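Student: Please take one part of this model, the surroundings of its arginine and histidine side chains, and go through it closely. I would like one connected account rather than a list.

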Amino acid sequence: MPQAAAPPAGPKPLSAPARALARLGLVRDIDLALHLPLRYEDETRLAPIATLHDGVTGQVQGTVLECRVETRARRQLLVRIADDSGELMLRLLHFYPSMQKTLAPGALVRVRGELRAGFFGREMVHPEFRAVTPETPLPAGLTPVYPSTAQLPQAYLRKVIASALPRAPLDELLPGGSVPAGLPSLREAVTFLHHPPPGTDLDALEGHRHPAWQRLKFDELLAQQLAQAQARAERARLRAPPLRARPGGLVERLVAGLPQLLGGPLTGAQQRVVAEIAADLARPTPMHRLLQGDVGSGKTVVAALAAAAAIDAGWQCALMAPTEILAEQHFRKLVQWLQPQGIAIAWLTGSRKGRERREMLAAVADGRAGLVVGTHAVIQRDVAFARLGLAVVDEQHRFGVAQRLALREKLANGEEGKEGREGDDGTQGLEPHLLMMSATPIPRTLAMSHYADLDLSTIDELPPGRTPIVTKVFEDGRRAQVLARIRDEVAQGKQVYWVCPLVEESEHVDLQNATATHAELSALLPGAMVGLLHGRMAAAEKAAVMKLFTDGTMKLLVATTVIEVGVDVPNASLMVIEHAERFGLAQLHQLRGRVGRGAVASVCVLLYTAPLSPTGKARLKAMAETTDGFEIARRDLEIRGPGEFMGARQSGDALLRFADLAEDEPLLLHARATAARLLSAQPSVAQRQVDRWLGAKTEFLKA
């Protein structure tokens, strides 16, 4: 009877070190080549034992005189070695039989570690060591120390990287004259960084200022600039509906009514950005613009005028905000401004269910709703627009990268709403215009790098009549003084916010903290209404609390960070932020922006608990020194780096590995100019540069 054929062998299982490499993303030769050292050790020299100083790391070579296991206090291996100048004790608290064999009396060993004065005299605790012969050569260059894990010993990592380097595709892609003068070729730079020769300036090397580092930074920035320019060029090929406001139409009527609605005309800065947006909307290519302005600068009215232009031209506008509270603030203002002009406004959030939602969806689908306001529910699968001409996204960086990409994709291809866009009304193949808004100003270098495919409009002027906010930083021990100030403010008829932190790791504890603070402040103000607002409340409860505070019935509101953006109560004159050291700088600035929204003098008190970390000190110092959102953003970028500043961490993927936007602006400017030349003259070279450095990460740049 013939035997059944053996099943085909599956893929050979990876070894533990290979699995660890894969987890670090080190799969290809180029991945290993670009896995650069964190620091270096100088193993090119030997020091006589007697010349070592306490607290200094050095390398010696000596003969083992004694090796014994000591069990008195704790089990440890004590090894005494000597050279011609003196003796040294090695102390190993964790050891194996193989170590005892290597360190047997009579063996010649090379040892590297930090010298310290111990109970047994001069000693090194857990030094690196290996057996050698008198002929064993010293390394010719500095020894790299790589980012690693417990499963990846440095010796193994050094070996696989050294093996991959000659095979890695590091050929020179860029034509002559592209690279800044004085920088080496890419292969020379990478090889140098893995194996710097003796005498290399370690300070410049580890501070990433060495020309070899500058070359890598330039190539990375160039790839990013190319990818952004490609995205911009790709968008320029798309078509969008030209949205031109009609003479005497909705936009003109809204502008005429603004002095009465806002208490004054548009500021010069608002007029400038309105004109920039109007010019974009009138073009047959999709607008892709970021409107930035500090807290309270009047971005919502600019968005309202953009929406009015779209509606005036016979199209719909969608406005999306990250939270229901912010979405509702927008909704209320827009209803007040646009509904008297006969514009129907739909309201879509996750909490709106049943018949109300179905009615709203029908109004959106048949075009009766000219404006649709809501949270991410606006882009859910069952939402179909009749004629979506403009999408406005507020605080776009607060959406996760995946959400931002989903929004871009929905707007780009109309996947979920295409039924209404493939009719005979001229909508087929047209993309909506996109306006993003942010109250976190974008520092210059970030605007030139991560936001290079966007057009930028900036409102750099606050409406008249705003009083500057005074910021005070107090240790928690002065809490009684703060409570007394609250009692005075409420007695004068003013309103107060008290913000408690919300830390993800301990949401339940923080909720108890907010509740306890609410009870404490209620007892302090027996005749006043004190409210409580937190993320676990139902939307209807939140709305009810906010209405009481907004109309002045509630004098003090204890809240978590749900009030960070969008809440506009001009009578609120004092904000207390408890455990301010737990908040990020941008978040502190946003929270502070909830006061100072009227003519009344306002104070923000930052209560902190000692001891402060260096980062915490830097954040609170910045808050005390400036209320300028652009300066806050610059310092925030310095403290956090671009990945966290942009929310890129939500994707698990920082967008720049090597370049530092706080230090590398000259390289960025050179990369910008080079990208434009390359795309024009050698587009295939440009594409290879992008593929080498970014690969699939180009999608994150689009978010």
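**Arginine and histidine in their surroundings**

Tutor: Arg387 lies over the face of Trp315, and the distance to the ring centre is 4.1 Å. The model is a predicted one, and every value here is computed from it. Another charge over a ring involves Arg478, whose charged end is placed 3.9 Å from the centre of the ring of Phe474. Rings also pair with one another. Such a pair is described by how far apart the centres are and by the angle of the planes. With a limit of 6.5 Å between centres, the count is four aromatic pairs. Ring pairs join Trp213, Phe658 and Trp693 into a cluster.

As background to the single residues, the protein has 23 helices and 22 strands. Of its 703 residues, 50% count as buried. Contacts between residues at least 6 apart in sequence join, in 75% of cases, residues at least 24 apart.

Arg283 is an arginine outside helix and strand: its place is the loop that runs between helix H9 (268-281) and strand E10 (288-293). Its relative accessible area is 41%, so Arg283 counts as partly exposed, that is, neither under 20% nor over 50%. The side chain of Arg283 makes a polar contact of 2.5 Å with the side chain of Asp280. Beyond four places in sequence, Arg283 touches Ala240, Pro241, Pro242 and His433. One of these can be given as a separation: Pro241 lies 42 residues from Arg283 in sequence, while their C-alpha atoms are 7.7 Å apart.

Arg112, by contrast, is part of a strand, namely E5 (residues 108-114). Arg112 is buried because its relative accessible area, 14%, is under the 20% limit. A polar atom of the Arg112 side chain lies 3.1 Å from the backbone oxygen of Asp42. Asp42 also appears among the contacts of Arg112 outside its sequence neighbours within four places, along with Glu41 and Glu43. The rest of that set consists of Thr57, Gly58, Gln59, Met124, Pro127 and Glu128.

Pro127, in contact with Arg112, follows His126 in the numbering. His126 is in the loop between strand E7 (121-125) and strand E8 (128-131). Its phi is near 50°, which is positive although His126 is not a glycine. Most residues other than glycine have a negative phi. The relative accessibility of His126 is 36%, so it counts as partly exposed.

His126 is in turn one of the contacts of His94, together with Arg74 and Met99, when neighbours within four places in sequence are left aside. His94 sits in the loop between strand E4 (87-92) and helix H3 (97-102). With a relative accessible area of 54%, over the 50% limit, His94 is exposed. Between His94 and Arg75 there are 8.3 Å from C-alpha to C-alpha, for a separation of 19 residues in sequence.

A positive phi is also found at His579, about 50°, and His579 is not a glycine. This histidine is in the loop between strand E21 (572-577) and helix H18 (585-592). Its relative accessible area is 18%, which is under 20%, so His579 is buried.

The backbone has a further irregularity to note. The peptide bond from Ala610 to Pro611 is cis, with omega near 0°, whereas most peptide bonds are trans. Pro611 belongs to the loop between strand E22 (602-608) and helix H19 (614-625).

Arginines also occur at the second largest pocket, which holds about 960 Å³ of space. Its lining numbers 38 residues, and those closest to its centre include Arg466 and Arg597, with Leu262, Lys333 and Asp568 also in that group. Helix H8 (250-262), helix H10 (299-312) and helix H11 (324-338) each give the lining at least two residues. The most come from H11, which supplies seven.

Key. Residues are numbered from 1 along each chain as its sequence is written. This is a predicted model: local features need pLDDT of at least 70, side-chain atom pairs count only at pLDDT 80 or more; totals for chains, interfaces and linings use all residues. Side-chain values use heavy atoms; hydrogens and water are left out. Rings of Phe, Tyr and Trp (its six-membered ring) pair if their centres lie within 6.5 Å; planes under 30 degrees apart count as stacked, over 60 as edge-to-face and the rest as tilted. A charge sits over a ring if NZ of Lys or CZ of Arg is within 6 Å of the ring centre and within 35 degrees of the ring normal. Helices (H or I, at least four residues) and strands (E, at least two) are DSSP runs, numbered from the N terminus. Buried means under 20% relative accessible area, exposed over 50%, partly exposed in between (1.4 Å probe, protein chains only). Contact means heavy atoms within 4.5 Å. A polar contact is a pair of N or O atoms within 3.5 Å; within protein, one must be able to donate a hydrogen and the other to accept it, and residues adjacent in sequence count only if both atoms are side-chain atoms. On a 1 Å grid over the protein atoms alone, a cavity is a set of points where a 1.4 Å probe fits but cannot get out, and a pocket is an open set with protein on both sides within 12 Å along at least five of seven lines; lining residues have an atom within 4 Å of a point. Grid points are joined across faces, edges and corners, and a volume is the space filled by probe spheres set on the points.
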